[in-house]
Amino acid sequence: MIKLNSKFVLTKQINDAKIKTLYQTKVNAILKTIKTKKALGLNFTGWIDYPNKVTKTQLQKIVSATNKIKNKKIKYLVVIGIGGSYLGLKACLDMTNAYKNSNLSVIFIHNIHQNYLLEMLRKVKNDKYGIVVISKSGRTLEPALAFDMFYQNLVQKFGKKTADKLIIAVTSQHAGDLRETAIKNKWQTFFIPDNIGGRYSALTPVGLITMAFCGLDLNKLFSGAKDATKKLKNASLLQNDAYRYACYRHYFFKTKKMDIENIVVYDPYLQSITKTMQQLFAESEGKQGQGLYPASCLFTTDLHSLGQYLQQGKKCFFETSLFVKKTHADCQLKIKDPVIKYLNKFKLSKVNEIAFLSTIKAHTYDGKINNLIIEIDKQDAYHFGYLYTWLMYTAMMSAYLLKVNPFDQPGVEAYKKRMNDVLKK
Ligand code: PA5
């Protein structure tokens, strides 16, 4: 389960009951516009029903497609995609530590800087590898360029016939260059539903293919997504934590004039969830001069750098911390160093929990920072499905509260247009 804990907001200003008083009518009105098909961007709300529509046969098809490639004894899986075509997927694999059950090394290619791209290519080029190339539009430059280089290398090394059997393409069913090329070369191809946009698509083949490669339990993933969908049907702000989170975000932005939400994790493996939240929130809300800037920090690491600003600098932000109750790993401390031997009464998880609570208290009580906590019971497939669904609901409601379309991202086109104009000349 996922819960929003607001015990550490500065309660003289705001609390759950006040949020309900301020926002319940607004939220009900928004939900009515969705129901009566008057809300903005409704042709991209396919993700809402998707967990209940996906069939066992579809999931089996995905698993057997990945098995066909795994049986070819690949050493690496190269996953090529950018934005919504990799962030949610990576967040899932990192959070669940899915890599541990798999002999495969998964390499994400989400950047085309020469230092990075050429190094990744050098790393895999003498071995057999599979490629999952993901692009909904099928015409994004970065994945197209990267894919070409990795594909060419496979063709040179193993011949076209073998190379073509090592590829899975994930793209739109109806348009795009990737779709055309995939059909022409007879690659295994999976389609992203038209009514699901990039950042809302991690539970479609966009994420499912690589999750299946890593042996993640897709049934558990969808069980979490379905439970969240069911729970979030309840519009009451005291029951619906995802919408309540959206309302707190709106309150801090509009009423308290804060421009930044600082999203905090304590586990390096959760950093990719903060990236997913950044994309969901920034692309859904950052329009028409509005929206919180979603910043992120890894504590306790960043407490030794950004921590100073957060504690005593300008209070232009509030914080949202993600806290997992039952982590993958733990140990009883058996320290030999006499200086810190007093720690031996603790498990390592307890030291981190104390660091977390001490930081929250220092920030709230001494620093006067409003703190929200997203409590996550466990780090498994079920909880990723639940959390990702929960966050999509928050992103949608946050955007609707600002009266902007949660499902488009027109601003992303500006750099693409200039870059393509110059490159094509
Ligand atoms: O949320 C979105 O739609 C975007 O971030 C896209 O995912 C990103 O731009 C990649 O697009 P595509 O999958 O078409 O290559």
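Which residues form one aromatic cluster together with W47? In this predicted model, Y200, Y243, Y393, Y400 and F407 join W47 in that cluster. Residues are numbered from 1 along each chain as its sequence is written, and side-chain values use heavy atoms, with hydrogens and water left out. Because the model is predicted, local features need pLDDT of at least 70 and side-chain atom pairs count only at pLDDT 80 or more, whereas totals for chains, interfaces and linings use all residues.

The overall division of the chain provides a frame for what follows. Domain 1 comprises 2-39 + 223-409, and domain 2 comprises 50-216; such bounds come from an automatic or database domain assignment. The C-alpha centres of the two domains lie 30 Å apart. Across the boundary, 32 residues of domain 1 are in contact with 19 residues of domain 2, contact meaning heavy atoms within 4.5 Å.

The interior may be considered next. A nonpolar core is a set of buried Ala, Val, Leu, Ile, Met, Phe, Trp, Tyr and Cys residues joined through side-chain atoms within 4.5 Å. Buried here means under 20% relative accessible area, exposed means over 50%, and partly exposed lies in between, with a 1.4 Å probe and protein chains only. The largest core holds 126 residues, and F150, L221, I374 and W390 touch the most other members. Helix α15 (residues 381-401) supplies the largest share of this core, 16 residues. Helices (H or I, at least four residues) and strands (E, at least two) are DSSP runs, numbered from the N terminus. Domain 1 and domain 2 each contribute at least three residues to this core. Apart from it lies another core, of 13 residues, which includes V264, C297, F299 and F323.

One member of the largest core, I374, shows how separate stretches of sequence meet. Leaving aside neighbours within four places in sequence, the contacts of I374 are I2, K3, L4, Y245, M277, T320, S321, L322, F323, L387 and W390. Helix α2 (residues 46-53) offers a further view of the interior: G46, W47, I48, Y50 and P51 are buried. The elements that cover these buried residues of α2 include α9 (205-213), α10 (218-231) and α15.

Aromatic rings deserve separate attention. Rings of Phe, Tyr and Trp (its six-membered ring) pair if their centres lie within 6.5 Å; planes under 30 degrees apart count as stacked, over 60 as edge-to-face and the rest as tilted. By this rule there are 23 aromatic pairs. In one of them, F323 and F356 are stacked, at 4.3 Å centre to centre and with 15° between the planes. This pair links distant parts of the chain, as F323 belongs to strand β9 (residues 317-326) and F356 to helix α14 (residues 348-366), 33 residues apart. F323 counts as buried because its relative accessibility is 18%, and F356 is likewise buried, with a relative accessible area of 5%.

Helix α14 also contains A362, which is partly exposed because its relative accessible area is 22%. A362 and Q311 are 51 residues apart along the chain, yet their C-alpha atoms are separated by 7.7 Å. Neighbours within four places in sequence aside, A362 is in contact with Q311 and G367.

Charged side chains also meet rings. A charge sits over a ring if NZ of Lys or CZ of Arg is within 6 Å of the ring centre and within 35 degrees of the ring normal. K128 lies over the face of F158, at 5.7 Å from the ring centre, and the charged end of R249 sits over the ring of F281, 3.8 Å from its centre.

Strand β6 (188-192) illustrates a pattern of alternation. Q188, F190 and I192 point to one face and are buried, while T189 and F191 point to the other and are not. Strand β5 (residues 167-172) runs parallel to β6 and is joined to it by 5 bridges; two strands pair if DSSP finds at least two bridges between them. The bridge partner of T171 in β6 is F191.

Finally, some backbone details stand out in the loops. K186, between α8 (177-185) and β6, has a phi near 55°, a positive value in a residue other than glycine. K186 counts as exposed because its relative accessibility is 73%. K257, in the loop between α11 (241-254) and β7 (260-265), has a positive phi of about 55° although it is not a glycine. A cis peptide bond, with omega of about 5°, joins F299 and T300, and T300 is found in the loop between β8 (293-298) and α13 (307-312).
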